[in-house]
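Dear colleague,

Please find below the structure that I am handing over to you. I should be grateful if you would keep it open while reading the notes that come after it.

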Amino acid sequence: MTLERIELINTLENIASRLDERKNSRCNIELIGKLEQWKNSEDKEELAYFEQQWSSLVKSLLTTPQLFFFIFRNLAENDKEIFELITRQHYEKDLYSLEERPEEEYAWLEFQSNYYNNETMTYQIIQLIEKQSFNDGKPFEVFSMYFTFIDLLYGFLVKPSILPTQLKVFSLLYQQTVNWKPSYCNGYAYQGAETIGISGIKPNEIRMQAYNIDEYLNDQQQVLDIGSNSGFMSQYVSHHCKQVDALEYNPYLCQIGKVVADSLSINNVEFICDDFYLFHPDKKYDVVFSLANHATIDKKLSINFEDYMLKIFNIMNPEGYLFFESHDVFGHGTGAPGDDGDLDLKFDIAEQYFEVIKHKMVPKFVPCDDIDKLFMVLKRRPEKQPDAVRTFSRLEAIKKFDY
């Protein structure tokens with residue numbers, strides 16, 4: 001094992017270990033374990049495989065515009081010449097192999113992909129990913145770069161079978177960033193899924209463990225996921241229920257959900273691209289997920305809170321469960337999108353339709369740019385109770401954290 005290779009693997013380990021919030025992620029555990037295995041190995045075939053996969057990863061970053069965009073965001077947005085070169089190399093890849101590229105392009109690619117030279121783009125960006133504060137730049141700017149790199153490390157080094165799906169997801173995230181304004185999380189995936197090695201700002205598996213709702217789910221239920229985003233949560237829930245309707249207004253996120261469901265052979269999730277206000281299902285639901293979707297920061301949800309609660313009530317079966325997640329319960333209560341400081345007033349309304357079963361605060365899954373959320377289990381009343389007295393208290397609720 002050369003000192004250079006040990007230095008590289010140590011750097012990759014440091015990157016994978018940066019977030020305490022993800023220390024229990026199965027993908028991160030597997031990635032760190034694999035890096036440790038290579039660091040301590042003297043097996044020439046194993047080390048050759050590492051070098052081969054590492055080289056493929058780096059050259060993919062430098063020849064795939066969608067990946068380059070998320071890793072080298074500033075260059076992609078501000079240096080048109082370089083981004084045009086990346087795009088040209090990508091679309092010419094079917095004409096010749098990497099080694100057969102025009103001499104100037106081949107020399108540029110070989111030089112820039114060399115991590116062991118501190119003047120190259122590869123060396124500089126990896127040093128940045130290892131050391132840059134997550135507080136720098138716009139919200140989620142550093143996270144979008146960091147998690148993209150982590151996801152690709154897992155795909156190339158640990159589970160290459162998921163790479164085709166990962167690349168389709170990043171292609172659609174890129175299209176969303178360019179064509180759908182504004183996009184959450186600086187364009188990166190809001191939801192995560194270990195099944196395809198996408199970290200996400202909110203990782204499904206860790207998130208569902210925090211919610212602890214398995215006791216309310218069974219294989220006979222019809223489920224609606226309002227604002228399903230990329231559908232990863234819907235796909236997770238589909239293993240516990242009969243059918244899930246994933247309702248999402250953003251067409252790019254709907255397409256991501258379909259691509260991933262197909263790759264995983266999940267056939268009991270229907271992806272519906274529609275506004276909840278205009279959605280008129282032909283069935284009643286036993287379970288509804290409303291995870292921070294009673295208002296949207298992009299202001300594209302066209303319904304107020306009382307109408308929102310009434311509509312959910314009307315499309316649910318009696319005794320059905322509503323899983324509700326807040327926006328900012330520490331807000332000023334001004335009624336602005338994302339401000340749930342007025343949640344007591346909102347639940348003066350909500351408890352006419354639903355009984356509060358339990359609630360707890362769930363800590364954010366990244367150290368900055370996101371907020372802690374209140375998660376609630378509600379049960380549909382047999383009928384509306386206009387005189388129902390609110391039992392929920394926002395101030396009491398924010399004291400109950402789940403760590």
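The notes below cover the nonpolar cores, the cavities, one helix and several individual residues.

Please bear in mind throughout that this is a predicted model.

Nonpolar cores

The largest nonpolar core comprises 71 residues. Within this core, the residues with the most contacts are Leu 12, Trp 54, Phe 68, Phe 143 and Phe 149. Helix 9, which spans residues 141-158, gives the most to this core, with 12 residues. A second, separate core has 32 residues, including Leu 224, Tyr 308, Phe 313 and Leu 322.

Trp 54 may serve as an example from the largest core. Setting aside residues up to four places away in sequence, Trp 54 touches Leu 8, Leu 12, Tyr 115, Thr 122, Ile 126, Phe 149, Leu 153 and Leu 157. Two of these names, Leu 12 and Phe 149, also appear among the residues with the most contacts inside the core.

Cavities

Rolling a probe the size of a water molecule over the atoms shows where empty space is left. A search of the whole structure finds two cavities of 30 Å³ or more. The volume of the largest cavity is about 180 Å³. Its lining is formed by 20 residues, of which Arg 22, Ser 25, Cys 27, Asn 28 and Ser 199 are the closest to the centre. Helix 2 (26-39), helix 9 and helix 11 (204-211) are the elements that give two or more residues to this lining. Helix 9 gives the most here, with five residues; helix 9 also gives the most to the largest nonpolar core. By class, the lining of the largest cavity divides into 11 nonpolar, five polar and four charged residues.

The second largest cavity holds about 40 Å³ of space. Lys 202, Tyr 211, Glu 325, Val 362, Pro 363, Lys 364, Phe 365, Ile 371 and Lys 373 line this cavity. Five of these lining residues are nonpolar and four are charged, with no polar residue present.

Helix 14

Helix 14 runs over residues 305-314, and its buried residues are Phe 305, Tyr 308, Met 309, Lys 311, Ile 312 and Phe 313. An α-helix has 3.6 residues a turn, so residues three or four places apart point the same way. Tyr 308 and Phe 313 are also members of the second core. The cover over the buried residues of helix 14 includes strand 3 (222-226), strand 6 (285-291), strand 7 (316-325), helix 15 (343-353), strand 8 (354-362) and strand 9 (373-380). At the start of the helix, a side-chain oxygen of Asn 304 comes to within 3.2 Å of the backbone nitrogen of Glu 306.

Two aromatic residues

Tyr 49 is part of helix 3 (residues 44-63). Tyr 49 counts as partly exposed because its relative accessibility is 31%, which falls between the limits of 20% and 50%. Apart from neighbours within four places in sequence, Tyr 49 is in contact with Trp 38, Phe 156, Leu 157 and Pro 160. Leu 157 is also touched by Trp 54. The C-alpha atom of Tyr 49 is separated by 27 Å from that of Arg 22, 27 residues apart along the chain.

Phe 83 sits in helix 6 (residues 80-91). With a relative accessible area of 14%, Phe 83 is buried. Its contacts, leaving aside neighbours within four places in sequence, are Pro 65, Phe 68, Phe 69, Ala 76 and Tyr 174. Between the C-alpha atoms of Phe 83 and Asp 274, which are 191 residues apart along the chain, the separation is 34 Å.

Backbone points to check

Lys 181 and Pro 182 are joined by a cis peptide bond, with omega about -15°. Pro 182 is found in the loop between helix 10 (163-179) and strand 1 (191-192).

Ser 265 and Ala 292 are also listed here for their backbone geometry. Ser 265, although not a glycine, has a positive phi of about 55°. This serine lies in the loop between helix 13 (251-263) and strand 5 (269-273), and is exposed, with a relative accessible area of 65%. Ala 292, likewise not a glycine, has a positive phi of about 55°. Its place is in the loop between strand 6 and helix 14. Ala 292 counts as buried because its relative accessibility is 10%, under the 20% limit.

With kind regards

Technical notes:
Residues numbered from 1 in each chain as written. Predicted model: local features only at pLDDT ≥ 70, side-chain atom pairs only at ≥ 80, totals over all residues. Heavy atoms only, no water. Core = buried A, V, L, I, M, F, W, Y, C linked by side-chain atoms within 4.5 Å. Buried < 20%, exposed > 50% of the residue type's maximum accessible area, 1.4 Å probe, protein only. Helix = DSSP H or I, 4+ residues; strand = E, 2+ residues; numbered from the N terminus. Contact = heavy atoms within 4.5 Å. 1 Å grid on protein atoms, 1.4 Å probe; cavity = no way out; pocket = protein on both sides within 12 Å on 5 of 7 lines; lining within 4 Å. Points joined across faces, edges and corners; volume = space filled by probe spheres on them. Nonpolar A, V, L, I, M, F, W, Y, C, P; charged D, E, K, R; others polar. Polar contact = N/O pair within 3.5 Å; in protein donor to acceptor, adjacent residues only side chain to side chain.
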